[in-house]
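Open the model in your viewer and keep the sequence panel beside it. We will go from stop to stop, selecting a few residues each time and looking at what is there.

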Amino acid sequence: MTTAPLLAVRDLRVLIGGRHILHGVDLDVARHGVTALLGRNGAGKTTTVRGVLGLVPRTGSVRLDGEETVSMPTHTVVRLGIGYAPEDRGIFASLTVAENLRLAERRGADGPAYGLVHELFPELKRRERQLAGTLSGGQQQMVAIGRTLLGGNRLIIADEPTKGLAPKVVTEVAKVLERAAEAVPVLLVEQNLAVVRRLAEHCAVLADGRTAHQGPAAELLGDAEAARRLLGVGHGPANRAPSVEADS
Ligand SMILES: Nc1ncnc2c1ncn2[C@@H]1O[C@H](COP(=O)(O)OP(=O)(O)OP(=O)(O)O)[C@@H](O)[C@H]1O
């Protein structure tokens, strides 16, 4: 079994409007489970994701399963098998759950993976006629993640899926991601360290547009001094990690 990373980003640089946003991001995403991308506000996490997807001009190397994608346009990159759940979830509020999923269909080897989506999230089957705008935050996140699972993707990228959610909903979303990651590896951009602690085996930390740290997530989160230095946690309420409720 190969242990080479599924996604290997090396020296990723992004220049927007004459400003260097990223100047040397290295990131390995594991072939299994959740890899967390961490860093303070403005560190460059979303730009890294956008760089991986080819949504911003970039240089360096971005290999998916060994294949160099850095010169490819976005539509080619995503067809290689990357599903993206953006920070705002990107769902259509005035369409039903079923319609939202249908819009994300892509033909994988065996057609769209509805079996997998309904197995992981039976609630989406039960609510298929409900308007997506009337779902809870956690249920909307199920739709967003469900959409990424429909196209036979090899990697899911979820950008701050718990941002702005109440603790109970954060727990719901963490469970959704945990289940999704059993099927497809996930790159998770996340500020909630309790979620990272629960889900991620590996992590990378960005600071000022560069990779400041990579390694096992538990090791970083278990080292109070490193977590304070790299993530700024432990300095008052604004930086305190919200909790994730215990499993019910
Ligand atoms: N299109 C753009 N034009 C100019 N500056 C940008 C652009 N996109 C991002 N930036 C700047 O680049 C830096 C990194 O932004 P980015 O959104 O990648 O950080 P982030 O780590 O995702 O932050 P947050 O946690 O706040 O979402 C910020 O200073 C941001 O203002």
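A word on naming before we start: helices (H or I, at least four residues) and strands (E, at least two) are DSSP runs, numbered from the N terminus. Keep in mind too that this is a predicted model.

**Stop 1: the open sheet**

Select residues 7-16, which make up strand S1, and add 19-29 for S2 and 67-68 for S5. Then add 58-64, strand S4. These 4 strands form an open sheet with antiparallel pairing, in the order S2-S1-S4-S5. S2 and S5 are the edge strands, each with a single partner, so one side of each has no neighbour in the sheet. As a reminder, strands of a sheet pair through backbone hydrogen bonds, either parallel or antiparallel.

Now zoom in on S1 and S2, an antiparallel pair joined by 8 bridges. You can walk along this pair: Ala 8 has Asp 28 as its bridge partner in S2, Arg 13 stands opposite His 23, and Ile 16 is partnered by Arg 19. The hairpin of S1 and S2 has 2 residues between the strands, and there Gly 17 takes a positive phi near 55°.

Turn to the other partner of S1. S1 and S4 are antiparallel as well, with 6 bridges between them. Color Val 14 and Arg 58 to see one facing position, with Arg 58 in S4.

**Stop 2: helix H1**

Next, select residues 45-52. This is helix H1, which lies across S1, S2 and S4 and runs at about 75° to S2. How many of the residues of H1 are buried? The count is 7 of 8, so to speak a mostly covered helix. The buried ones are Lys 45, Thr 47, Thr 48, Val 49, Arg 50, Gly 51 and Val 52. Move on to Gly 54, which follows H1 and has a positive phi near 75°.

**Stop 3: around the ligand**

Which residues are around the ligand? Select Ile 16, Gly 17, Arg 19, Ile 21, Gly 39, Asn 41, Gly 42, Ala 43, Gly 44, Lys 45, Thr 46 and Thr 47. By type, this shell divides into 3 nonpolar, 7 polar and 2 charged residues. S2 and H1 each supply at least two residues of the shell, and H1 gives the most, with 3 residues. Some of these you have already met: Ile 16 and Arg 19 are the bridge partners from the first stop, and Gly 17 is the hairpin residue with positive phi.

**Stop 4: strands S6 and S7**

Select 82-85 for strand S6. Both of its faces are covered: Ile 82 and Tyr 84 on one side, Gly 83 and Ala 85 on the other, are all buried. Add residues 155-159, strand S7, which runs parallel to S6 and is joined to it by 4 bridges. One of the bridges links Ile 82 to Leu 155 in S7.

**Stop 5: the largest nonpolar core**

The largest nonpolar core has 69 residues. To find it, select the residues with the most contacts inside it: Ile 145, Leu 177, Ala 180, Val 186, Leu 188 and Val 196. Helix H7 (residues 167-183) contributes the largest share of this core, 7 residues.

Center on Val 196. Leaving aside residues up to four places away in sequence, Val 196 touches Ala 36, Leu 38, Glu 190, Cys 203, Ala 217 and Leu 221.

Back in H7, pick Lys 175. Is Lys 175 buried or partly exposed? It has 18 other C-beta atoms within 10 Å, so it counts as partly exposed. For a sense of distance, Gly 90 is 85 residues from Lys 175 along the chain, and their C-alpha atoms are separated by 20 Å.

**Stop 6: Gln 191**

Finish at Gln 191, in the loop between strand S8 (186-189) and helix H8 (193-199). Gln 191 counts as buried because it has 20 C-beta neighbours inside 10 Å. Beyond residues up to four places away in sequence, Gln 191 touches Glu 160 and Lys 163. Finally, draw a C-alpha to C-alpha distance to Leu 150: it and Gln 191 are 41 residues apart in sequence and 27 Å apart in space.

Technical notes
Residues numbered from 1 in each chain as written. Predicted model: local features only at pLDDT ≥ 70, side-chain atom pairs only at ≥ 80, totals over all residues. Pairing = 2+ DSSP bridges. Contact = placed C-beta atoms within 7 Å. Axes fitted to C-alpha atoms, helices over the stretch in contact; angles between N-to-C directions. Near = placed C-beta within 6 Å. Nonpolar A, V, L, I, M, F, W, Y, C, P; charged D, E, K, R; others polar. Buried ≥ 20, exposed ≤ 12 C-beta atoms within 10 Å, placed from the backbone. Core = buried A, V, L, I, M, F, W, Y, C linked by C-beta atoms within 7 Å.
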